[in-house]
Amino acid sequence: MDLVANSMYYLGAGALILIGLYMVITKNNLIKIILGLSLVDTGTHVLLIAIGYVKGRTAPILTEELLESVGEAIPKVVDPIPQALVLTAIVIGVGVLALGLSLAIKVYEHNGTLDVRKIRGLKW
Amino acid sequence: MVVIQAVLILMMIVAGVATSMLKDLISAVIACAAVSLLASMLFYFLDAPDVAMAEAAIGAGLTTAVFVIAVRKTRSKEE
Amino acid sequence: MRKAVGLILVLVVGISFWVVLKNVPFGHDKIGVGNHYIENAIQETGATNIVTSVVVSYRGLDTLGEVTVLFIAALGIGMVLFSVKKTSAKERQTSSMVVQTGTRILFPFIILFGIYIFVHGHLTPGGGFQGGAVIASGFLLTYLVWPELETKRERFGAAESLGGLVFVTIAILGLVFTGYFLGNFLPTGTQNHLFSAGIIPVIYIAIGIKVGSELAGIVADMIHKE
Amino acid sequence: MVNPSLLIAIPLAGAFLIPLFALASRRLSRYLPPLVLLADLTISLSLVPRVLEDPIIVILGGFKPPFCINLMVDMLGLSFAIIISLVSFLISIYAIGYIKTEPIEKYHALFLLLVAGAIGIVLTGDIFNLFVFFEILCISSYALTAYEKDKAGTEAAMKYLIQGAVGSAFILVAVAFIYGLFGTLNMAEIASNIDSAEPTHLFMILALFVVGFGIEAAIFPLNAWLPDAHSSAPSSISAILSGIAIKTGVYCLARISYTLMNAQELLILISLIGVVTLLVGEIAAYGQKEDIKRMLAYSSIGQVGLIVFALGVTTYLGIFGALFQVANHALAKSLLFLGTGYMIYNVGSNRLEAMEGLGRKMPFTAIAFTIAVFSLVGLPPFAGFVSKLSIIYAAVQTGQAVFIVFVALVLLATVIEAGYFFRIVQSLYFRKGVSLEYAKEAPMTALIPIAILALLIIAIGVYPQLITGALEGAARSLLERGAYISSVLGPM
C-alpha cells in the first residue's frame, strides 16, 4: 500500500508523458498530434508538482492563523519552487499549443486535409 | 485520502488513453480537457492551490476552447 | 513501422524515468533552495503567498520571459491567420434571448472576479495568470454568444504592449533605485494587507492585464480570422 | 559599468513598443530594431575589457544567489552575445527593405523577441531560466518560419513546432529530474554538487538534454525539420536561424556537458555524433542540385556537425577552434542567405539553374557570396581557414587513433563541401544566363550589411588577433568549472 501511495503520482505523470509521446509519433491527424503534445505538457506538470510535494505539510500560503499557530517556528509548508515553475510552464504550454493549432488551421486551408500522410511537407 | 487520489490518477490515465483512442476529434478534445481537470484536482491534493487554479482556468478551460475552435475550422473526424 | 519505432522510443524513455525517479523519493523534503524561501519570503518580500513571491520576486525573470512567450504566441497567431480582406460576418446563429441576457449580467461579474484574483495575488491563491485567464474566458463567452461581434483587436494589442512595458519599466526602475534589475523599490508594508509586498501587486496587475488581453486576443483571432 | 541585464531588457522593451508604434505609423516600426540592436551591440562590446578580467555576476531582484536568478556574464556568454547582436543588427538593416509582406510590424517585433531569447540563453545562470529563454527563441522561430504564410512555409513551421515542442518537453523533464536530485536550479550550485549523484542518473539527464537541445542544434538524427524550415522561411529569417538559432543550441549543449555535468569522458560520443552530422549534411548538400536555399540549409547541418565535433575534442585548442568556427559560420552563412535573398528576388525562383550568370548582373553580391563560400570551405586568407586549421590540429594533437580517423572524415567532408560550393560559384560567373535582363544589383539596405559581413570575414582571416583574445577567454571559461562555481557562490 505504501509503495502504491509513494509511486502513484510518478506513475500517473509518466503514463501521461508516454501516452502523449506515443501519440505524437504514431498519429496521423495533426490535431491528434497536438493533443499528444498537450498530454505531455500535463504529465510534466504533474511530475514537477509531485517532486515538490512534502508529506504532512500544507499549501505555501502563510495565512494569519498558520503564522500564529507556529509562533516563531518555521511554518510547515510544501516546496513553493516547483509550483512557481509549473505556473510558468502552463502558460508557455498554452502559447505553443495555440500557435500550433493556428498553424494547423493554415495547413488545412492549403491542403484540405489534416492527415500528415497526405501532406508532402509533413512526411517523415 | 490515498484511495481518492489513486482513483483520480487512474481516471486521469484512462482519460489520457481515451484521448489517444477516440476517433471523433471533439470527443478526444473533451477527454484531454478531462485529463487537465483531473490533474488540477490532483494539484489541489498536493497542496498547490495556485497551480490548480491555473490548470483549471488555462489548461482545462482556454486550451479546450482553442482546440474546439480549431476542430470546427477543420474537419472533425480522424480518418 | 511508425508504431514500432514509437513503442521502442516510449519504452526507452519510460525506463529512463523509472531509473531516475527511483532515487527521488516522493513526499520527502528536498533540502535546497525551497526551505530558504519558506523561512525568509515573508520578511524579504512581504507577500503571504510564497508561490507569488517566488514567481514575481525571486524568479521574476522567468515570469518576464513567460509573459513574453504568450506575447509571441499572440503575435504569431495574429501573423499566421492574418488576412488582408475583412473577415466576412457569415450568417451564424445568434443565441437565444435568455443566453444573451444572462451573458450581459454575468460578463461584468466575470471580469470583476478576474480582477479580484490578480489584485489579491500576493495574499490568496491565484494571481496574474489565473486572473487573466478568467478575464479571457469572460471575453470568450461574449464571442460565443454574439458571433457577429467585431473585436477591437488593436485595443487588446495596445493593452498587451502596455502591460509588458509596465513590467519592463518597473524592472528597470528597480535597477535605478536599488541597483538590481527587478529589485523591490517600494515599501513591503504590513503582512496580509492589500497594500503590501512592494512591487509584487503592481507587477501582478500588469501581468493580469497583459495575460487577459493576450489570451482574449488569441481566442478572438482564432474565432474571427478565416 | 552598464548593467548586463539591459542586454535582455532593451530588446524586450523594443518589442513591446513596436505594436504601439504601429498604431501611429506602420512604416516607422521598421526602423526600431536596428536602433535597439545597435544599443545591444555597443553595450556588449563595452563589457569586453571588464569581463576579460573577471566574469560579472548580475543579481536579479537583490537576493543572494542561489536564491535568485543570476546572470552569468563570462567570456563564453559574452562572445556569443556579441556575435548574436552583431549578426542580428546587420540582418535587421537588411530587413528594412527586404520585408514587404504584411503584417510587417509583427515581423519586426518577433525578430526582436527572437534575439532577446538568444541573448537570454547565453547569459543566464539558471537552468529553468535557460528553458524559458529557449522557449522564447523557439516559439518566435516557429512563427517567423511561417511568415510568408505559403504552403511550404506553414508546413515547415508545423513540422518544426511539433519536433521542437517534444524537445522542450524533454528539457523540462530533465530540469524536473535535476530539481528532484539536487533541490536547486542555480547552475553553479548544481555544478558544485554534481558528483553527489549517481553516474547513471547523470547519463539519463544528459541524454534528455542532448535530445532536447539537439533538436534545436540540428544534430543527426534530430535534424529533420531544418532543411524545410530554413529553406522556406524568408531569407532574412533563414539567415538568423542558420547564423544564430542553431548556435544557441550548440551553446546549451556545451554549457550543459562541460560546466554543468563535467561529462568530459562522454564527449567522445558527442564527437562521433558531430562527425556523422557533418558527413550527412555535406553529402545531402552535394546531392541537392536544384534548390539553392535547401543546399545552404544542408550545409548548415554539416557546419554544426563540425562545431559539435570540435567541442567533443575537449582540449583547449579544440574548444577554441569550435568557437572560432561558430563566429565564422555565423558571419558567412548569414551573408550567404542574405545574398541569396535578393538573387532569388531577381530571378523569381529558388532554382540553382536560374542563378546562372548572375555574377555579372549583381557584381557586389556575387563577390561577397564568393568570399563567404571560400571562408566556409576553409581557404586562406579567410576566417574559415583559421578555424578549420585549429580544429584539425587540435584533433591530431590528441594522438588518439579515433580522432585521426575523424580528421580524415572531416577532410573528406571538406572536399565534398568544396565540390558543391565551387559548383555554384562557377555557375554564377562562367555560365550564360537565360533571362536576366530585369536582374539588377541589390539595394543599399542589403549591400551595406553584406559588405560589412564580407569585410569582417576578410579582416578576421587576415588578422585573427581581432577576436582570438576574446575566444581564448571563452574557451578558458568553458574549461574552468571551478572558477565558474566560485565566482557565483563565492570561494569554497
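1. In this predicted model, strand E2 (residues 70-73) of chain D sends D:Asn70 and D:Met72 one way and D:Leu71 and D:Val73 the other way, and all of these residues are buried. That arrangement can be read beside a general rule: in a regular strand the side chains alternate between the two faces of the sheet.

2. The partner of this strand is E1(D), which runs antiparallel to E2(D) and is joined to it by 4 bridges. Within the pairing, D:Val58 stands opposite D:Leu71 of E2(D), and D:Leu71 is itself one of the buried residues of that strand.

3. Strand E1 (56-59) of chain D also appears among the elements that give two or more residues to the side of chain D that touches chain C, where the others are the helices H1 (6-24), H4 (104-123), H5 (127-145), H6 (151-182) and H8 (199-217). This contact takes 49 residues from chain D and 47 residues from chain C, and on the chain D side the largest share, 10 residues, comes from H5(D). Sorted by class, the side of chain D that touches chain C holds 33 nonpolar, 12 polar and 4 charged residues.

4. Chain C also meets chain B, in a contact that takes 15 residues from chain C and 12 residues from chain B. The chain B side of this contact is made up of 10 nonpolar residues, with 1 polar and 1 charged residue besides.

5. Further along chain D, helix H15 (residues 363-377) packs against helix H17 (residues 401-430) with the axes 10 Å apart and at an angle of about 170°. Since angles over 145 degrees count as roughly antiparallel, H15(D) and H17(D) are therefore roughly antiparallel to each other. From H15(D) the contact draws on D:Ala366, D:Thr370, D:Val373, D:Leu376 and D:Val377, while H17(D) brings D:Thr414, D:Glu417, D:Ala418, D:Phe421, D:Val425 and D:Leu428. By class, this helix-helix contact has 8 nonpolar, 2 polar and 1 charged residues.

6. Chain A has 4 helices and 0 strands, and its pattern along the sequence is accordingly written α-α-α-α. The chain has 124 residues, of which 65% count as buried. As for how contacts in chain A are spread along the sequence, among those with a separation of 6 or more, 55% are accounted for by residues 24 or more positions apart.

Methods
Residues are numbered from 1 along each chain as its sequence is written. Chains are lettered from A and ligands numbered from 1 in the order in which they are written. This is a predicted model: local features need pLDDT of at least 70, side-chain atom pairs count only at pLDDT 80 or more; totals for chains, interfaces and linings use all residues. Two residues are in contact if their C-beta atoms, placed from the backbone, lie within 7 Å. Ala, Val, Leu, Ile, Met, Phe, Trp, Tyr, Cys and Pro count as nonpolar, Asp, Glu, Lys and Arg as charged, and the others, Gly among them, as polar. Axes are lines fitted to C-alpha atoms, for helices over the stretch in contact, and angles run from 0 to 180 degrees between N-to-C directions. Angles under 35 degrees count as roughly parallel, over 145 as roughly antiparallel, 65 to 115 as roughly perpendicular and the rest as oblique. A residue is buried if 20 or more other C-beta atoms lie within 10 Å of its own, exposed if 12 or fewer, and partly exposed in between; C-beta atoms are placed from the backbone. Two strands pair if DSSP finds at least two bridges between them.
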